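Here's a quick briefing to read alongside the model. It starts with the overall fold, then goes through charges and a few individual residues.

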Amino acid sequence: MEKKGREVIVSALQFSCTDDVSTNVATAERLVRAAHSKGANIVLIQELFEGHYFCQAQREDFFHRAKPYNGHPTIMRMQKLAKELGVVIPVSFFEEANNAHYNSIAIIDADGTDLGIYRKSHIPDGPGYEGKFYFNPGDTGFKVFQTKFAKIGVAICWDQWFPEAARAMVLQGAEILFYPTAIGSEPQDENIDSRDHWKRVMQGHAGANLVPLVASNRIGKEIIETEHGKSEIKFYGNSFIAGPTGEIVSIADDNEEAALIAQFDLDKIKSMRHSWGVFRDRRPDLYKVLLTLDGKNPVQ
């Protein structure tokens, strides 16, 4: 793709994970290179891509999958790749921080610089998605990162269901939102299929904030031995890129690997966002109820 002005090409990757770190990291690198060959500047890899989605089970031995942020081998490898290709790569990982554990993401700039991490704020706890067993609630707050190509906001999976998170990042200047994800079937009820709901919620974030949005999800069937027997999730992919009115401009299916790309003119979108008036007409003085859980009492 030929770019003009402040145009940026973003990519969402999608692939099936094995439970072998080296295999998955090699797959991620191969697809980052594929996205780069299509012109991508910022490439999003799916959530916790180093292995199977271990949160299907509450298992003590799975804490061994966590590694400290500093010196993390996958982050270091992606730093080398980012520098070689000149692309931005958010890198999801299971972080050990002394006795705390986080679902975290490191933002690697196009020269290989590590711009810092975001720790997932909203932690799910339901059948097959038992994140609270492993992860402390994130303590970084919602952040934006000034990369070579754009100021980006990055949140993780369950965060994507909360409009407050998207708005907080855009208020801080995020020009594009990124959501690495692991979501699929519900082990307790095979009749639940959330894929369209999942997409519509994020399309709403893009449209309400007038920014592009990139979502990367895994595919494939994963079976985990749990304390109650085997648990199975079929991850439904459907990774997508939405434009600033919420329109889907590129989408993957539920079975195939993908390196989606889409191009956006950030200056043109900025003018549209400013002229549309939703940020001009906000009333923060009326939103204090958002600081409560019950609609009455502010959280201290």
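What we have here is a predicted model, and its secondary structure comes to five helices and 14 strands. The radius of gyration is 19 Å, close to the 19 Å the globule rule gives for 300 residues, so the protein is as compact as a globular protein of that length.

**Overall build**

- Taken along the principal axes, the C-alpha atoms fill a box of roughly 55 × 50 × 40 Å.
- Buried residues account for 53% of the 300 residues.
- If you look at contacts between residues at least 6 apart in sequence, 69% of them join residues at least 24 apart.
- The protein exposes about 13,400 Å², with carbon and sulfur atoms supplying 51% of that area.

**Charges across the protein**

- There are 34 positive and 40 negative side chains, and the centres of the two sets lie 6 Å apart.
- Side chains of opposite charge can pair when their charged atoms come close.
- Searching the whole structure turns up 18 salt bridges.

**Arginine 6 and aspartate 267**

- One of the salt bridges brings together the side chains of arginine 6 and aspartate 267, at 3.3 Å from N to O.
- This pair links distant parts of the chain: arginine 6 sits in the segment before β1 (7-14), while aspartate 267 belongs to helix α5 (residues 266-276), 261 residues apart.
- Arginine 6 is partly exposed, with a relative accessible area of 32%, and aspartate 267 is partly exposed too, at 36%.

**Glutamate 29 and arginine 33**

- How far apart in helix α1 are glutamate 29 and arginine 33? They're four residues apart, about one turn of the helix, which covers residues 21-37.
- Their side chains meet in a salt bridge, with N to O at 3.1 Å.
- Glutamate 29 is buried, with a relative accessible area of 15%, whereas arginine 33 is partly exposed at 31%.

**Arginine 59, aspartate 61 and a network**

- Arginine 59 forms a salt bridge with aspartate 61, and the closest N and O atoms are 2.7 Å apart.
- Arginine 59 is partly exposed, with a relative accessible area of 24%, and aspartate 61 also counts as partly exposed, at 36%.
- Elsewhere, salt bridges that share partners tie Glu29, Arg33, Arg77 and Glu84 into one network.

**Glutamate 186, a buried charge**

- Look for glutamate 186 in the loop between β8 and α4 (195-209).
- Which side chain of opposite charge is nearest to glutamate 186? That's arginine 195, but it is 11 Å away, and glutamate 186 is buried yet has no salt bridge.
- Leaving out residues up to four places away in sequence, glutamate 186 touches Pro127, Tyr129 and Ile192.

**Glutamine 172**

- Glutamine 172 is in the loop between α3 (163-171) and β8 (176-180).
- With 38% relative accessibility, glutamine 172 counts as partly exposed.
- Apart from neighbours within four places in sequence, glutamine 172 is in contact with Phe142, Lys143, Val144 and Lys151.
- To place glutamine 172 relative to the α1 salt bridge, take glutamate 29: the two C-alpha atoms are separated by 31 Å, and the residues are 143 apart along the chain.

**Two leucines with positive phi**

- As background, most residues other than glycine have a negative phi.
- Leucine 48 isn't a glycine, but it has a positive phi of about 45°.
- Leucine 48 lies in the loop between β2 (42-44) and α2 (73-85).
- Is leucine 48 buried or exposed? Leucine 48 is buried, with a relative accessible area of 5%.
- Leucine 210 has a positive phi as well, about 55°, and it isn't a glycine either.
- You'll find leucine 210 in the loop between α4 and β9 (213-216).
- Leucine 210 counts as buried because its relative accessibility is 4%, and buried means under 20%.

Key:
Residues are numbered from 1 along each chain as its sequence is written. This is a predicted model: local features need pLDDT of at least 70, side-chain atom pairs count only at pLDDT 80 or more; totals for chains, interfaces and linings use all residues. Side-chain values use heavy atoms; hydrogens and water are left out. Helices (H or I, at least four residues) and strands (E, at least two) are DSSP runs, numbered from the N terminus. The radius of gyration is taken over C-alpha atoms; the globule rule is 2.2 Å times the number of residues to the power 0.38. Buried means under 20% relative accessible area, exposed over 50%, partly exposed in between (1.4 Å probe, protein chains only). Contact means heavy atoms within 4.5 Å. Accessible areas come from the Shrake-Rupley method with a 1.4 Å probe; for residues, only the protein chains shown count as cover. Lys and Arg count as positive and Asp and Glu as negative; His and the chain ends are not counted. The place of a charge is taken as NZ of Lys, CZ of Arg, CG of Asp or CD of Glu. A salt bridge is a side-chain nitrogen of Lys or Arg within 4 Å of a carboxyl oxygen of Asp or Glu.
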